[in-house]
Amino acid sequence: MKFFVDTAEIDQIRELNDLGMVDGVTTNPSLIAKSGRDIFEVTAEICALVQGPVSAEVVSLGADDMIAEGRKLAAIAPNIAVKVPLTWDGLRACKVLSDEGRMVNVTLCFSANQAILAAKAGATFISPFIGRLDDINIDGLQLIADIRQIYDNYGYETQILAASIRTANHMSECAKIGADVATAPASVIKAMASHVLTDKGLAGFMADIAKAGIRIL
Ligand code: G3P
C-alpha cells in the first residue's frame with residue numbers, strides 16, 4: 001500500500017520523505033488555509049520535494065471553472081494530481097482533465113455508487129473518506145472494502161486512495177482490505193510505530209543495560 005501524507009506542512013513532509021515513507025501528498029483547501037501559504041507557492045515546493053503524485057484541489061463549483069483551474073494547477077509540475085469534488089460537475093471536469101492525460105483525484109466520496117461513477121469518468125484516484133463516515137456511525141472501512149470488490153469485479157484501474165484516516169488502526173485495516181493508497185496526517189503515520197509492549201520491553205532492556213554497565217560506543 002502506498003502512503004500519501006495528508007498535509008501542506010513542508011517540514012512534516014520532509015521528515016517522512018527522508019525516511020522513504022512518502023509515495024505522494026494530498027492537500028485540500030482546508031490544509032492550504034491551515035498552512036497560511038499561497039496555494040501555488042506551497043504546492044510547487046511540495047512537488048519539488050516529493051517524486052510521487054501531489055493532489056491539489058480546485059476551488060470552483062462549476063465544471064468549466066474546475067477544468068480551467070485544473071489546467072492551471074497541473075502546470076505547476078508534472079506530478080500534480082488535480083483534485084475535484086464528487087459532484088456531477090466534478091465528474092465532468094474529471095472526464096475532460098483525464099482525457100487530456102492529467103492525473104485526477106476525485107474527492108469527497110462517501111458511497112460505492114459515487115466510486116463507480118468516478119472510475120467511469122477516468123479518475124486516477126478515488127478518495128473515500130473513512131473518518132467522516134465513522135463520525136456519523138457509518139462504517140468507513142466497509143466502504144473501502146465495497147469499492148475494492150466492485151473495482152476488482154470489473155477491472156477498473158482507478159486507484160482507491162483511502163482518506164480521512166484518523167487512526168493507525170485505519171492504516172492496517174486499509175492495507176488488509178487492499179486499498180491502493182492511504183493518505184494520512186503525519187501524526188497517524190508516526191503513531192503506527194508505537195506499541196505499549198515495545199515501550200515496556202525497551203524499558204526492561206534499558207534497566208539491564210544500566211545494571212550491567214553494557215557499552216558499545
Ligand atoms: O484530504 C481529505 C481528508 O483526508 C480529510 O480528512 O480528517 O478532515 O476528515 P479529515
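Two strands count as paired if DSSP finds at least two bridges between them, and the strands themselves are DSSP runs (E, at least two residues), numbered from the N terminus, as are helices (H or I, at least four residues). With that in hand, Val54 of strand 3 stands opposite Ile80 in strand 4. This is a predicted model, so local features need pLDDT of at least 70 and side-chain atom pairs count only at pLDDT 80 or more, while totals for chains, interfaces and linings use all residues. Residues are numbered from 1 along each chain as its sequence is written, and side-chain values use heavy atoms, with hydrogens and water left out.

**Parallel strands**

- Strand 1 joins strand 8 (residues 181-184) in the parallel sense through 4 bridges, and Val5 has Ala184 as its bridge partner there.
- Strand 1 also pairs with strand 2, again parallel, over 3 bridges; here Phe4 is partnered by Gly24.
- Moving on, strand 2 (residues 24-26) and strand 3 run parallel and are joined by 2 bridges, with Val25 matched to Val54.
- Strand 3 is in turn joined to strand 4 (residues 80-85) by 4 bridges, and these two run parallel as well.

**Burial in the strands**

- Burial goes by relative accessible area with a 1.4 Å probe and protein chains only: buried is under 20%, exposed is over 50%, and partly exposed is in between.
- Of the 5 residues in strand 1, 4 are buried, which leaves the strand mostly covered.
- In strand 3 (residues 54-57), Val54 and Ala56 point one way and Ser55 and Glu57 the other way, yet all are buried.

**Aromatic pairs**

- Rings of Phe, Tyr and Trp (its six-membered ring) pair if their centres lie within 6.5 Å; planes under 30 degrees apart are called stacked, over 60 edge-to-face, and the rest tilted.
- The model has 4 aromatic pairs by this rule.
- Phe4 and Phe125 make an edge-to-face pair, because their ring centres are 5.7 Å apart and their planes lie at 75°.
- Phe4 belongs to strand 1 (residues 2-6) and Phe125 to strand 6 (residues 125-128), so this pair ties together parts 121 residues apart in sequence.
- Both Phe4 and Phe125 are buried.
- Tyr154 and Tyr156 form a tilted pair, 6.1 Å centre to centre with 45° between the planes.
- Tyr154 is exposed at 60% relative accessibility, whereas Tyr156 is partly exposed at 23%.
- Tyr151, Tyr154 and Tyr156 are linked into a cluster by ring pairs.

**Helix 11 and the nonpolar patch**

- Helix 11 (residues 196-212) has 17 residues and should span 24 Å at 1.5 Å a residue, which agrees with the 25 Å between its end C-alpha atoms; the expected span is 1.5 Å times one less than the number of residues.
- Just after helix 11, Gly213 has a positive phi of about 65°.
- Leu202, Phe205, Met206, Ile209, Ile214, Ile216 and Leu217 make up a nonpolar surface patch, together offering about 850 Å² of accessible area.
- One of these residues, Leu202, lies in helix 11 and is partly exposed, with a relative accessible area of 48%.
- Such a patch takes residues with over 30% relative accessible area and no salt bridge, and joins nonpolar side chains (Val, Leu, Ile, Met, Phe, Trp, Tyr) within 5 Å.

**Helix 10**

- Ala191 sits in helix 10 (residues 186-191) and is partly exposed at 34%.
- Ala191 and Asn169 are 22 residues apart in sequence, with 9.5 Å between their C-alpha atoms.

Conventions. Patch = residues over 30% accessible without salt bridge, like charges linked within 9 Å, V, L, I, M, F, W, Y side chains within 5 Å. Areas by Shrake-Rupley, 256 points an atom, 1.4 Å probe, with all protein chains shown as cover. Salt bridge = Lys/Arg side-chain N within 4 Å of Asp/Glu carboxyl O.
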